[in-house]
Amino acid sequence: FDRLAETLNHMLDDIEKLLTGMRTVTDSVTHDLKSPLTRLKSSLELALRQSSPEAAETRSTVTRAIAEADAVLMTFDALIAIARAEAVSGSSAMESVDLSILVNDMAELYLPLAEQEGISVTLNIAESCKITGHQQFLSQAVGNLLDNAVKFTPAGGGIAIALSRDPARLIISDSGPGIAAADRTRVLQRFVRLDASRSAAGSGLGLSLVAGVAKLHSAELELSGSDLGGLSVQLTF
């Protein structure tokens with residue numbers, strides 16, 4: 001049994017090293033490729049400004065290329081954010097965060113977009129809901145959840161944002177298509193998209209970042225069906 005335990009420990013150590021190595025390579029490539037892509041986008045924008053108004057076809061091509069560069073850069077930004085969230089350890093980066101203010105601020109940011117799409121938003125946010133957490137990552141996580149809710153809720157639908165205390169619990173629900181129970185664990189992985197045709201904008205990293213932030217805060221992340229008929233995402237701290 002001692003030899004078996006030693007063998008298993010060695011095996012687990014090797015697996016951990018391999019996974020760490022793969023993650024390090026991915027994060028390094030992401031950082032290394034972001035700079036040349038940023039320079040490429042700047043060059044395209046310069047070419048667009050210098051092109052003549054008469055060259056409509058050229059301007060259209062450059063504009064599409066800039067949009068593609070933006071999409072790739074957004075993917076890299078998300079990967080870097082996930083890597084940073086997973087790399088943070090200990091309590092040194094943590095501070096007292098008022099979730100009530102944070103959620104209200106993020107909701108206010110997305111309200112105009114929801115109204116533009118004809119989506120109603122209801123708020124039920126308890127006051128002075130404070131936790132120990134990382135302000136920037138929490139803002140990104142809430143922003144990703146609201147962005148998904150607005151993106152996948154059809155016109156005329158609704159979004160509900162609720163925050164309660166003791167324990168601190170954030171629930172964001174929508175009336176969109178929802179996620180099947182069999183897929184709710186899988187969508188938390190990187191680059192997983194349920195849209196087989198890839199017709200919706202995005203890279204499949206939004207919920208992965210939320211999962212990373214939940215892990216960083218030792219929070220429980222749960223996906224379920226909502227009373228509105230779509231998806232309900234619950235974060236319990």
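This is a dialogue about how to read some features of a predicted model.

Colleague: What should I know about the numbering and the model before I start?

Modeller: Residues are numbered from 1 along each chain as its sequence is written, and side-chain values use heavy atoms, with hydrogens and water left out. The model is predicted, so local features need pLDDT of at least 70 and side-chain atom pairs count only at pLDDT 80 or more, while totals for chains, interfaces and linings use all residues.

Colleague: In what order do the five strands of the open sheet stand?

Modeller: Helices (H or I, at least four residues) and strands (E, at least two) are DSSP runs, numbered from the N terminus, and two strands pair if DSSP finds at least two bridges between them. Here the open sheet has the order β2-β4-β5-β7-β6, with mixed pairing, and its edge strands, each pairing on one side only, are β2 (120-125) and β6 (220-225). Neighbouring strands are turned by 10° against each other on average, direction ignored; such axes are lines fitted to C-alpha atoms, for helices over the stretch in contact, and angles run from 0 to 180 degrees between N-to-C directions. Strands β2 and β4 (residues 158-164) run parallel and are joined by six bridges, with Leu-123 having Ile-161 in β4 as its bridge partner.

Colleague: Which strands does helix α4 lie across?

Modeller: Contact means heavy atoms within 4.5 Å. Helix α4 (residues 135-152) lies across β4, β5 (169-174) and β7 (231-236), running at about 20° to β5. One residue of α4 is Ala-149, which touches Ile-159, Ile-172 and Asp-174 when residues up to four places away in sequence are not counted. The C-alpha atoms of Ala-149 and Ile-172 are separated by 7.9 Å, although these residues are 23 residues apart along the chain.

Colleague: Where do the side chains of strand β3 point, and which of them are buried?

Modeller: In a regular strand the side chains alternate between the two faces of the sheet. Buried means under 20% relative accessible area, exposed over 50%, and partly exposed in between (1.4 Å probe, protein chains only). In β3 (residues 130-133), Ile-131 and Gly-133 point to one face and are buried, whereas Lys-130 and Thr-132 point to the other and are not. Strand β3 pairs with β1 (residues 95-98) in the antiparallel sense over four bridges, and Thr-132 in β3 stands opposite Ser-96.

Colleague: Why does Ser-232 count as buried, and what does its side chain contact?

Modeller: Ser-232, in strand β7, counts as buried because its relative accessibility is 8%. A polar contact is a pair of N or O atoms within 3.5 Å; within protein, one must be able to donate a hydrogen and the other to accept it, and residues adjacent in sequence count only if both atoms are side-chain atoms. The side chain of Ser-232 makes such a contact with the side chain of Ser-173, at 3.2 Å.

Colleague: How does the span of helix α3 agree with what is expected?

Modeller: The expected span of a helix is 1.5 Å times one less than its number of residues. For the 18 residues of α3 (residues 99-116) this should be 26 Å, and the end C-alpha atoms are 26 Å apart, which agrees. At the N-terminal end of α3, Asp-98 acts as a cap, with a side-chain oxygen 3.0 Å from the backbone nitrogen of Ser-100. After α3 comes Gly-118, whose phi is positive, near 75°.
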